[in-house]
Every structure is written in structure tokens, then in C-alpha cells.
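Me: I have a model open and I'd like to learn how to read it feature by feature. Can we go through it together?

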Number of protein chains: 2
Amino acid sequence: MIGVDWGTSSLRVYRLAPDGTALSHRCTPRGILTVEPGGFPDALREVVGDWITAGERRVLLSGMVGSRQGWVEAPYLPCPAGVEEIAAATIQVPFDGAEVRLVPGVSCRDRHGVAEVMRGEETQMIGVAERIGAAESSICLPGSHSKWARMAGGRVLGFTTHLTGEAFAALAGHTILARMMNPSSAHDARGFGRGVARAKQSGGLLHHLFGLRAASLFAEMPEEEAASFLSGLLIGHEVAAALEEGVAPPVVLIGAEALTSRYAEALDAFGVPHRSAAPDAAARGLHLIAERLA
Amino acid sequence: MIGVDWGTSSLRVYRLAPDGTALSHRCTPRGILTVEPGGFPDALREVVGDWITAGERRVLLSGMVGSRQGWVEAPYLPCPAGVEEIAAATIQVPFDGAEVRLVPGVSCRDRHGVAEVMRGEETQMIGVAERIGAAESSICLPGSHSKWARMAGGRVLGFTTHLTGEAFAALAGHTILARMMNPSSAHDARGFGRGVARAKQSGGLLHHLFGLRAASLFAEMPEEEAASFLSGLLIGHEVAAALEEGVAPPVVLIGAEALTSRYAEALDAFGVPHRSAAPDAAARGLHLIAERLA
């Protein structure tokens with residue numbers, strides 16, 4: 001079968017053997033934002049057409065491709081949700097040459113009743129569920145919209161989202177802080193650590209943001225540290241808020257190593273045990289959901 | 001004399017009688033960001049040249065005009081700072097036709113030793129000092145960079161800054177939230193109140209920001225409320241952080257009514273008494289500092 005993790009800014013495809021082994025893997029920048037309305041079948045054919053020609057007849061999609069801006073909108077499945085519920089809620093997508101189904105996103109309410117949504121992360125979590133076991137676990141999936149989820153018995157119980165990655169880009173690029181940093185500069189461990197340490201202090205995030213500006217006026221923030229300081233500050237505030245809501249350590253980190261390693265540093269600073277999941281979580285999750293559809 | 005409150009985006013000038021009465025007042029959008037290097041004398045002459053021709057010989061400037069991007073850089077005066085210290089630290093600025101002096105900005109350290117700076121707000125606070133009396137008071141000056149200051153005996157003891165106004169503009173205009181709001185839409189009291197109430201809940205600001213997005217997906221955030229919700233959320237987080245650091249009520253609000261009224265609403269939601277200072281704080285402060293220079 002073909003597993004597809006189709007997000008906002010990238011498209012990842014996996015050719016999977018019946019036992020779930022990834023036989024091949026391709027990653028392109030053809031995220032859903034680059035696809036014109038009506039262009040999804042062609043965009044998919046461009047990337048996996050040769051696999052379909054070679055005989056693959058089943059495709060399973062997950063991620064933002066199931067959102068209102070995607071191929072077909074798949075309604076959110078309320079938590080708690082495990083592989084059975086998710087498989088049962090997949091929807092068929094018209095496509096010529098293969099059977100294409102779409103994994104729904106998952107929704108819940110935070111403890112104050114405010115809505116929460118994810119698309120794609122539920123598949124990654126299904127992919128690590130068998131490895132983390134049945135006991136309640138906390139999962140962190142860093143990103144533009146970072147997720148902190150609770151799982152037990154292989155089911156996603158609930159989660160909260162933090163706008164951390166997007167807030168970084170907006171603040172680093174569109175406030176007075178832009179004058180003192182290059183948002184794409186190399187990671188600076190000292191700056192990042194200072195930012196996390198700052199997040200542990202009182203005063204609030206909005207105050208801490210201005211402090212970064214003032215520190216530069218007094219030559220107390222070297223330019224090469226500034227962007228990493230901001231990153232550490234925001235991630236530190238995210239981690240602090242997540243810990244306050246309660247986690248069951250060790251926190252399982254899912255995602256690209258460049259990002260999960262930052263969260264590992266921040267969790268270290270808070271003294272919270274953590275471990276990283278294998279990087280093939282999405283492919284594994286797609287395989288496990290597809291197994292239930294056979 | 002002529003009092004000048006010259007900020008980043010606006011230039012306000014006052015013709016003041018010897019007793020401090022404002023005889024005339026002009027406001028232009030000639031903030032320092034619109035002035036070319038070397039262009040400050042001409043920019044000032046454009047706005048107050050006729051008053052100088054009419055016989056005014058003394059000009060006192062305050063605000064960002066004393067920053068590195070301004071006319072002449074005036075070093076920050078460390079807190080505590082009252083009218084005597086500030087007058088003694090004014091610096092002379094070369095100008096043909098009048099004696100021009102510049103009020104320095106003020107600096108301090110927050111409780112964790114991080115630098116803090118202001119330029120212009122110290123003059124406004126001097127302007128209200130006689131009216132708030134000698135006891136320790138908390139002053140809030142909302143803006144792009146909101147200030148919360150403590151004063152006693154007419155002197156600024158210390159303050160903290162929050163990047164609230166700039167964070168609003170960056171988040172409303174340059175994240176996924178931009179799709180669901182018009183940052184310049186009319187104030188919506190219900191949305192603002194909901195945002196402040198949300199700020200009082202647990203979960204952290206970065207989580208609350210995403211909740212705004214998710215609420216709109218579930219039709220739980222009418223478009224006309226969204227921008228005011230974001231404003232209330234950010235101001236609510238600022239107020240919560242300031243209260244946690246400790247204030248001496250009633251909080252004195254200084255600034256334009258359109259903005260101080262929002263902070264008044266937020267302080268009401270937190271049950272904290274407040275009052276508004278007279279709107280001529282800058283002119284009064286410039287007069288009082290100039291008196292010490294006679």
C-alpha cells in the first residue's frame with residue numbers, strides 16, 4: 001500500500017510492505033498550500049504514479065489534506081480515539097486507479113471546554129502506541145502548532161495545542177525584535193538555554209519578550225544568541241504551561257530531530273524525563289490504520 | 001516655552017505658559033521613524049517655527065527622539081528618578097534660534113536583573129506625580145510597549161515593559177489567526193471580555209492563541225469578535241503578569257482613552273481598582289522638568 005502524510009507545507013509518501021516495512025520513501029515540498037483546488041489527484045499522481053502503475057492499489061492519506069483547504073474535508077473524530085475508531089472513520093476519496101481513503105483529524109475539549117483539533121498527529125501517535133505501552137503516557141509533537149497529548153491503552157485521550165512555532169516566526173519577523181536577530185540563524189545553545197531559563201522566571205511571556213529587546217540595548221544579548229533565545233523563551237513557556245496542566249513522564253517526543261532535540265533540552269531544564277520515538281511514526285501509523293481497513 | 005513629546009510614530013507639541021497652562025497643542029504623524037538622519041532641526045521648525053518666531057526661546061523634548069534612532073542619543077538615567085534627577089540629566093541639543101534640551105530615558109532592572117528602558121513615559125509620570133501623592137502607587141501606561149511602573153515620593157522606582165501592542169499586530173497579521181480577523185475592526189465588547197476571561201484560565205498564552213483558531217473552526221468565534229478576543233487575551237495576560245509581580249491599587253492609567261478604557265475593563269475583570277490620570281500628563285511633565293532648568 002501507499003501511505004501519505006500530507007501536511008500544510010510538505011508531502012511525504014511511503015511505499016509499505018504488508019508487514020508495514022517502508023520499502024521506499026519520498027518527501028516533497030508539495031504541501032496542501034501549494035495545490036490548487038481540484039489539483040489534488042494530479043499532485044498525488046505526480047509523486048506516486050509510478051508506484052500505482054507498478055501495482056499498488058491502496059492509498060491512505062493523513063494530515064491537513066483532510067481539512068477544509070485540502071482535498072476532501074473529513075470531519076473531526078472526537079477523543080478518545082484509537083486505531084479502531086480512526087479506521088472506522090476514514091472516508092473514501094474519488095480517485096482513478098487506486099482506492100484512496102483519508103484519515104480524519106481528531107478533536108477534543110481542553111479542561112475549560114475550549115475546542116482542540118489535530119490532523120496528522122493522531123496517525124503518528126497510533127504509530128508509536130504499541131511501543132509506549134498501555135499505561136497513560138504524555139506525548140509531545142513539536143511544530144508550528146505543537147501538541148501535548150495523553151494516550152492510554154493505545155487511544156488518544158485528549159491534547160492541547162500551542163501556537164509556538166508560528167508565534168516565533170511572527171515575533172522574530174514582524175516586531176522590533178526583527179532588528180536584532182536573523183530568524184534562520186544557526187542554533188546557539190547558550191542563547192537557547194538562556195531563553196529557557198528566562199521562561200522559568202516570573203513576569204510573563206509578554207514582559208520576557210521586551211526584555212530581549214532591552215538586553216540588546218545594553219549589549220547583554222549577542223546577535224548570534226538572539227533568535228535562539230527567543231526560541232528557548234517560547235518553548236520554555238510552552239513546556240512550563242504543559243507541565244502545569246500535568247504530564248506523565250517520561251514525555252515521548254515525536255518529530256524531526258532538529259526540533260525534538262530543542263524540546264529535550266527544555267525538558268532537561270525543567271528536570272522532566274523524556275524519550276524520543278522512532279522517526280517513522282507516521283508510516284507506522286498509516287500501516288496500522290490500513291490493516292484495520294483490509 | 002515649547003514642550004515636545006516626540007515618539008516613534010507621532011510628534012506632539014505644546015506651547016506652555018509660565019504656569020504650565022497649555023496655550024496651544026499640535027499633533028502630527030511626524031514620528032522619528034519618518035525623519036531622515038540630520039532632518040530633526042528642520043522637522044521641528046516645520047511644526048513650531050511660528051512659535052519660535054513669535055518669541056519662544058526654550059524647547060524641551062522627550063520620548064524616542066532621544067534614542068539611537070533619534071536626534072541625539074541621551075543616555076538612560078537609572079531609577080529611582082524624580083523630577084530633580086531628570087532635569088539635571090537633560091542634555092543640550094544644537095539648534096539655531098532657541099535653547100533646545102532633551103529629557104533622558106530612564107532604565108532599571110526587573111527583579112531578575114534583566115534590563116528595562118523607557119523614553120517618554122517618565123515625563124508623563126512626572127506629570128501626574130503631584131496628583132497621585134507621595135504614597136507608593138502603580139502606574140500603567142498601555143501601548144505597543146506597555147509599562148507598569150511604581151512611583152513613590154514623586155520618583156519612578158522601577159517598572160516592567162510588556163510587548164503587548166506589538167505582539168497583537170504580529171499575531172493578528174502574520175499567523176494563521178490573520179485568516180479569521182481584521183486587526184482594525186471595531187472594538188467588540190463581548191469578544192474582548194471573552195479574551196480577558198480566557199487569560200484568567202490555565203493553559204498558557206501560546207495554548208490560548210491556538211484555541212482562538214480552533215474555536216473558529218467550530219463556529220464558536222464570530223468573526224466580529226475575533227480581533228477583540230485576541231486583544232483581550234493579550235491584555236489579560238499582561239494584567240495577570242503585572243498583578244502577580246504586585247501592584248499598589250488603585251492602578252493609575254495614563255494614555256489615550258481608547259486604550260486605557262480597555263485596560264480598565266481588564267482590571268475590572270480581575271477585581272482591581274483603577275483610575276485614569278488627566279490626559280495632559282506629557283505637557284505637565286515637560287513643564288515641571290523645565291521649571292527645574294530655569
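Reply: Sure. Let's begin with a definition: a salt bridge here is a side-chain nitrogen of Lys or Arg within 4 Å of a carboxyl oxygen of Asp or Glu. Keep in mind that this is a predicted model.

Me: How many salt bridges does that rule give over all chains?

Reply: The general idea is that side chains of opposite charge can pair when their charged atoms come close. In this structure the rule counts 36 salt bridges over all chains. One to look at is the pairing of A:Glu245 with A:Arg111, at 3.2 Å from N to O. That pair ties together distant parts of the chain, 134 residues apart. A:Glu245 sits in helix H7 (residues 223-245) of chain A, while A:Arg111 lies in the loop between strand E8 (106-109) and strand E9 (115-118).

Me: And how many salt bridges run across the interface of chain B and chain A?

Reply: The rule finds 4 there. B:Glu220 makes a salt bridge with A:Arg109, and their closest N and O atoms are 2.8 Å apart.

Me: OK, on to the two chains. What relates chain B to chain A?

Reply: In general, two copies of a chain are related by a rotation about an axis and a shift along it. Here, a turn of 180° with a shift of 0.0 Å along the axis lays chain B on chain A, with an RMSD of 0.0 Å. That is the relation of a two-fold axis. If you want to find the axis on screen, go to B:Ala170: of the residues of chain B, its C-alpha comes closest to the rotation axis, at 2.7 Å.

Me: How many residues does each chain bring to the contact?

Reply: Chain B gives 50 residues and chain A gives 50. The area buried between them is about 4,200 Å², with carbon and sulfur atoms giving 65% of that. On the chain B side, B:Leu163, B:Leu206 and B:Phe210 lose the most area to chain A, together 17% of what that side buries.

Me: Why can I say that the copies meet through the same surface?

Reply: Because 100% of the interface residues of chain B are also interface residues in chain A.

Me: Now helices. How do helices H6 and H7 of chain B pack?

Reply: Two packed helices are described by the angle between their axes and the distance between the axes. For H6 (residues 205-217) and H7 (residues 223-245) of chain B, the angle is about 170° and the axes are 11 Å apart. Angles over 145 degrees count as roughly antiparallel, so H6(B) is roughly antiparallel to H7(B). H6(B) makes the contact through B:Leu205, B:His208, B:Leu209 and B:Leu212, and H7(B) uses residues including B:Phe229, B:Leu233 and B:His237. By class, that contact has 8 nonpolar, 2 polar and no charged residues.

Me: Last one, the backbone. Which peptide bonds are cis?

Reply: Among them is the bond from A:Cys79 to A:Pro80, with omega near -5°. A:Pro80 is in the loop between strand E5 (77-78) and helix H2 (83-88) of chain A. The bond from B:Pro249 to B:Pro250 is also cis, with omega near -5°, and B:Pro250 falls in the loop between H7 and strand E13 (251-253) of chain B. While you're on the backbone, check A:Ala219: it has a positive phi of about 55° although it is not a glycine.

Technical notes: Residues are numbered from 1 along each chain as its sequence is written. Chains are lettered from A and ligands numbered from 1 in the order in which they are written. This is a predicted model: local features need pLDDT of at least 70, side-chain atom pairs count only at pLDDT 80 or more; totals for chains, interfaces and linings use all residues. Side-chain values use heavy atoms; hydrogens and water are left out. Axes are lines fitted to C-alpha atoms, for helices over the stretch in contact, and angles run from 0 to 180 degrees between N-to-C directions. Helices (H or I, at least four residues) and strands (E, at least two) are DSSP runs, numbered from the N terminus. Angles under 35 degrees count as roughly parallel, over 145 as roughly antiparallel, 65 to 115 as roughly perpendicular and the rest as oblique. Contact means heavy atoms within 4.5 Å. Ala, Val, Leu, Ile, Met, Phe, Trp, Tyr, Cys and Pro count as nonpolar, Asp, Glu, Lys and Arg as charged, and the others, Gly among them, as polar. Copies are superposed by least squares on the C-alpha atoms of residues with pLDDT of at least 70 in both. Buried area is the accessible area (1.4 Å probe) that two parts lose on being put together, summed over both.
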